[in-house]
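Colleague: I am new to this structure. Please show it to me, and then let us go through it.

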Amino acid sequence: MAFRIVVDSDLCQGHGVCENEAPELFEVGRDMLAHVLVEQADESQRRAAEAAAKYCPTHAITLVPVL
Ligand code: SF4
């Protein structure tokens with residue numbers, strides 16, 4: 001199932017853990033916020049997205065199913 005990746009910019013502190021875990025999905029910009037690089041992710045990207053969400057120190061990342 002496809003899913004969207006949402007970063008709460010109020011929680012994000014720009015640590016870049018997400019970018020390290022899944023560089024194909026996240027990029028920390030000059031604004032020191034994580035930006036999601038894909039409109040929708042697919043199952044092949046779920047493991048990386050879940051790792052990014054799990055290890056984000058501020059729990060700023062949410063995976064939202066696309067129905
Ligand atoms: S790991 Fe979390 S806090 Fe750090 S840049 Fe990514 S979303 Fe932001």
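Colleague: What radius of gyration does the protein chain have, and why does that agree with a compact globule?

Modeller: The rule for a globule is 2.2 Å times the number of residues to the power 0.38, and the radius is taken over C-alpha atoms. With 67 residues, a compact globule would come near 11 Å, so the chain agrees with its value of 11 Å.

Colleague: What should I know about the model and its numbering?

Modeller: This is a predicted model: local features need pLDDT of at least 70, side-chain atom pairs count only at pLDDT 80 or more, and totals for chains, interfaces and linings use all residues. Residues are numbered from 1 along each chain as its sequence is written.

Colleague: Which pattern do the helices and strands follow along the sequence?

Modeller: Helices (H or I, at least four residues) and strands (E, at least two) are DSSP runs, numbered from the N terminus. The protein chain has 2 helices and 4 strands. Read along the sequence, the pattern is β-α-β-β-α-β.

Colleague: Which residues have the most contacts inside the largest nonpolar core?

Modeller: Such a core is a set of buried Ala, Val, Leu, Ile, Met, Phe, Trp, Tyr and Cys residues joined through C-beta atoms within 7 Å. Buried means 20 or more other C-beta atoms within 10 Å of a residue's own, with C-beta atoms placed from the backbone. The largest core has 13 residues, and those with the most contacts inside it are Cys18, Leu25 and Ala52.

Colleague: Which elements give two or more residues to this core?

Modeller: Two or more residues come from each of these elements: helix H1 (17–21) and helix H2 (46–55).

Conventions: A residue is buried if 20 or more other C-beta atoms lie within 10 Å of its own, exposed if 12 or fewer, and partly exposed in between; C-beta atoms are placed from the backbone.
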